[in-house]
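Colleague: Please take a close look at the place where the ligand is bound, and then at the unusual spots in the backbone. A plain account will do.

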Amino acid sequence: MWESRRAAAVPGSVFALMDAAKGRARAAGLGIVDLSIGSSDLPPPDAVLEVLRGATRDAQTYRYPLFSDTAPLREAAAGYLARRFGVCVDPAREVLPLIGAQEGLAHLLLAVTDPGDKLLLPDPCYPPYLGAAAVAGLNVVTLPLRPEAAFLPDLDAVPVGVRPRVLLLNYPNNPTSAVADAAFFRRAAAWCRARGALLVHDHPYAELTFGAYRAPSALEAGLEGVVELHSLSKTHHMGGFRVGFAAGDAGVIAALARVKGAIDFHPYLGIQRAAAHALGLPDGVGRAGAAVFEARRDALVPALRELGWEVAMPEASMYAWARVPGLRDSVAFAVRAAETTGVAVSPGAAFGAGGEGFVRFALVQPPEVLREAARQLGTVPTA
Ligand SMILES: Cc1ncc(COP(=O)(O)O)c(C=O)c1O
């Protein structure tokens with residue numbers, strides 16, 4: 001009775017189904033190996049936790065944080081962007097702290113669109129994008145991500161008449177693990193400028209990269225008409241702390257600050273201090289976490305290939321995205337797998353119609369557990 005049309009439009013989550021399947025497996029006495037949720041199992045760096053502990057003892061951190069209080073985090077974010085990507089932003093006008101990239105995106109869409117505007121979104125995509133689009137009352141136009149195109153969208157194939165308000169991209173990508181180079185972002189930014197669209201790049205996996213690969217920033221293509229969302233959740237294993245930042249076009253940042261000003265205060269000052277410290281750490285500290293995910297990738301991908309599953313070797317992210325031969329109903333398969341083996345994976349269809357036939361593994365268990373999970377999944381019928 002009290003549900004708004006806006007609330008009713010938010011798509012339900014397949015993860016509730018998976019939760020129920022895990023519950024049934026537990027009730028049947030199976031141990032659960034949960035590879036369905038991309039929440040880092042590693043701790044934040046000690047030094048970051050120490051800053052937070054210290055902050056909780058400082059009474060100055062207990063009050064509502066004002067915009068002026070966010071200066072150290074904004075400056076640390078600007079320093080990180082300059083050091084890591086060679087991108088120069090003004091911390092006063094071109095950076096804003098977020099309570100995570102997910103919060104940032106939902107409010108950003110409210111800040112830069114009006115109901116009925118078009119949002120161009122990849123398919124498959126991180127499911128909350130669809131919820132955020134529904135809350136903002138947007139018309140979603142999907143951009144297929146196909147394995148034969150390395151899961152990069154073909155912007156030239158978008159009909160000339162389609163003039164979206166926003167193009168939303170995410171590389172390193174969830175769920176496909178695909179990566180994009182700086183030239184791709186330059187092309188995407190040029191395409192957006194030609195179509196009058198804002199380019200929003202969601203970049204929570206910026207530092208979860210493997211080997212010699214380093215992810216570029218979309219801001220390298222220029223700040224005008226481009227905004228990027230960064231998160232400490234994956235790069236510093238701080239998902240529960242809820243902190244990130246937006247950076248880019250000053251007009252977009254101002255609109256976002258206005259909307260957020262009506263809805264939330266900034267993150268707790270102690271968390272801001274911890275995040276600022278994390279962003280200033282030498283690169284090596286963050287890379288230690290990435291190396292853990294890389295070793296897990298090295299264990300899981302060959303084990304999946306042995307089953308005959310098609311999976312690219314990810315260069316980044318904390319996922320493996322596997323096409324399962326003959327799979328027509330990934331949700332039924334994932335439920336069956338959880339119920340019969342205790343191994344929980346994300347069905348590809350949870351990320352959009354373009355994900356059907358695939359399953360996503362979050363690399364959140366040690367290598368030997370991942371190898372055994374793959375072996376167990378090989379015993380589950382695909383139909
Ligand atoms: C693509 C993508 N964006 C955003 C998020 C959420 O980031 P945050 O914890 O900063 O809200 C995730 C988490 O899995 C993600 O995969």
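Modeller: A residue counts as near the ligand if one of its heavy atoms lies within 4 Å of it. The model is a predicted one. With that cut-off, there are 15 residues around the ligand, and those that come nearest are Ala101, Asp202, Tyr205, Ser231 and Ser233. Sorted by class, this shell is made up of six nonpolar, six polar and three charged residues. Two helices, α5 (101–112) and α8 (232–235), each give the shell at least two residues.

Next come the polar contacts. Asp202 has an N or O atom in its side chain that is 2.5 Å from a nitrogen atom of the ligand. Ser231 also uses its side chain: a polar atom there is 2.6 Å from an oxygen atom of the ligand. With Gln102, the backbone is involved instead, as one of its polar backbone atoms lies 2.9 Å from an oxygen atom of the ligand. On its own, the ligand has 400 Å² of accessible area, and the protein covers 94% of this. As for where the ligand is placed, it sits in the largest pocket.

The wider setting can be taken from a record. UniProt, in an unreviewed entry, lists residues 32–376 as "domain: Aminotransferase class I/classII large". Over that stretch, helix makes up 39% of the chain and strand 16%. The C-alpha atoms at the two ends of the stretch are 12 Å apart.

Now the backbone. Most peptide bonds are trans, and most residues other than glycine have a negative phi. Three places in this model are worth reading with that in mind.

One is the bond that joins Asp123 and Pro124, which is cis, with omega at about 5°. Pro124 belongs to the loop that runs between β3 (118–123) and α6 (128–135).

Another cis peptide bond goes from Asn174 to Pro175, and its omega is near 15°. Here the loop is the one between β5 (166–169) and α7 (182–195), where Pro175 lies.

The remaining place concerns phi rather than omega. Ala150 is not a glycine, yet its phi is positive, near 55°. Ala150 is found in the loop between β4 (139–144) and β5.

To go back to the ligand, what is to be remembered is its position in the largest pocket, along with the side-chain contacts from Asp202 and Ser231 and the backbone contact from Gln102.

Definitions and conventions
Residues numbered from 1 in each chain as written. Predicted model: local features only at pLDDT ≥ 70, side-chain atom pairs only at ≥ 80, totals over all residues. Heavy atoms only, no water. UniProt positions renumbered as here; feature names shortened; annotations may be inferred. Helix = DSSP H or I, 4+ residues; strand = E, 2+ residues; numbered from the N terminus. Polar contact = N/O pair within 3.5 Å; in protein donor to acceptor, adjacent residues only side chain to side chain. Areas by Shrake-Rupley, 256 points an atom, 1.4 Å probe, with all protein chains shown as cover. 1 Å grid on protein atoms, 1.4 Å probe; cavity = no way out; pocket = protein on both sides within 12 Å on 5 of 7 lines; lining within 4 Å. Sits in = over half its atoms within 2 Å of the grid points. Nonpolar A, V, L, I, M, F, W, Y, C, P; charged D, E, K, R; others polar.
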